[in-house]
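Q: Please take me on a close look at a single part of this structure, and connect it to what surrounds it. I'm happy with cut-offs, so spell them out as you go.

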2 protein chains.
Amino acid sequence: MSKFGMYAKFTAKPGQRDELAEILLEAAAAAEAVEECELYIINFTDSDPDTLWVTEVWSRKEAHAASLTREATRAAIQRAMPLIAGVESIPLNPVGGKGLSFADATLL
Amino acid sequence: MSKFGMYAKFTAKPGQRDELAEILLEAAAAAEAVEECELYIINFTDSDPDTLWVTEVWSRKEAHAASLTREATRAAIQRAMPLIAGVESIPLNPVGGKGLSFADATLL
């Protein structure tokens with residue numbers, strides 16, 4: 001079973017980054033109960049005061065898709081929407097490394 | 001003490017991605033012994049067959065800088081250089097979330 005990863009870049013409306021980060025941190029806290037969510041890290045970046053990057057890893061792609069339909073997720077999105085100017089994402093296929101459990105650290 | 005994160009994008013020379021990934025996986029295996037390296041995940045991306053993204057989190061920025069001077073790291077870089085067409089990185093300040101231990105999950 002392949003993991004699914006994503007870097008999600010949130011551009012907050014000016015001055016709204018920290019409030020948006022609080023909502024994402026609450027979403028991360030809610031994800032503590034979701035076993036298939038392996039990583040959900042909120043990051044600031046020095047290069048842009050309005051940007052947040054969220055690093056996500058899920059045990060499978062379908063688990064990420066399912067999370068978007070959960071009531072708690074939908075409520076968080078509703079609260080976050082007015083704070084957000086834009087979202088971009090980079091979908092990833094995590095293949096191995098340190099910090100998560102991989103069934104097989106070789107590529108084949 | 002603040003963590004330090006990075007998304008590092010490696011563009012491999014054509015056809016060299018998997019060999020480069022093997023070297024990065026070996027680097028991740030070597031990092032198992034480095035306590036301050038909390039995350040070092042190698043990712044493929046469906047959007048470009050020559051791209052690798054590495055997700056890194058270190059317990060502090062200086063630990064990342066120090067890792068680059070280690071003999072094992074320098075040897076891996078030497079082996080990887082001929083396979084690499086380009087590297088870009090996005091430095092990050094991880095502030096909280098699921099999957100790593102944060103001293104304080106609030107922002108202030």
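A: Let's start with the idea of touching: two residues are in contact if their C-beta atoms, placed from the backbone, lie within 7 Å. The model is predicted, so local features need pLDDT of at least 70 and side-chain atom pairs count only at pLDDT 80 or more, while totals for chains, interfaces and linings use all residues. Residues are numbered from 1 along each chain as its sequence is written, and chains are lettered from A and ligands numbered from 1 in the order in which they are written.

The part to look at is strand β2 of chain A, residues 37–44. Helices (H or I, at least four residues) and strands (E, at least two) are DSSP runs, numbered from the N terminus. Eight of the eight residues of β2(A) are buried, so the strand is largely enclosed by the rest of the structure. Here a residue is buried if 20 or more other C-beta atoms lie within 10 Å of its own, exposed if 12 or fewer, and partly exposed in between, with C-beta atoms placed from the backbone.

What does β2(A) pair with? Two strands count as paired if DSSP finds at least two bridges between them. On one hand, seven bridges join β2(A) to β3(A), residues 51–58, and the two run antiparallel. They form a hairpin with six residues between them, and A:F44 stands opposite A:L52. On the other hand, β2(A) pairs in the antiparallel sense with strand β4 of chain B, residues 84–98, over five bridges. There, A:Y40 has B:K98 as its bridge partner, and A:I41 has B:G97.

Those pairings belong to a bigger picture: eight strands close into a barrel in the order β1(A)-β3(A)-β2(A)-β4(B)-β1(B)-β3(B)-β2(B)-β4(A), with antiparallel pairing. Neighbouring strands of this sheet are turned by 35° against each other on average, direction ignored (the axes are lines fitted to C-alpha atoms, for helices over the stretch in contact, and angles run from 0 to 180 degrees between N-to-C directions). In chain B, β2(B) and β3(B) also pair antiparallel over seven bridges, with B:T55 as the partner of B:I41.

Now zoom in on A:I42. Leaving out residues up to four places away in sequence, A:I42 touches A:A21, A:L24, A:L25, A:A28, A:L52, A:V54, B:V95, B:G96 and B:G97. A:I42 is also among the residues that touch the most other members of the largest nonpolar core, which has 51 residues; the others are A:L24, A:L52, B:L24, B:I42 and B:L52. Such a core is a set of buried Ala, Val, Leu, Ile, Met, Phe, Trp, Tyr and Cys residues joined through C-beta atoms within 7 Å. Its largest share, eight residues, comes from helix α1(A), residues 17–31.

Finally, β2(A) sits in the contact between the chains, which takes 34 residues from each of chain A and chain B. The elements giving two or more residues to chain A's side are β1 (4–12), α1, β2, β3 and β4 (84–98), with the largest share, nine residues, from β4(A). That side divides into 20 nonpolar, eight polar and six charged residues, where Ala, Val, Leu, Ile, Met, Phe, Trp, Tyr, Cys and Pro count as nonpolar, Asp, Glu, Lys and Arg as charged, and the others, Gly among them, as polar.
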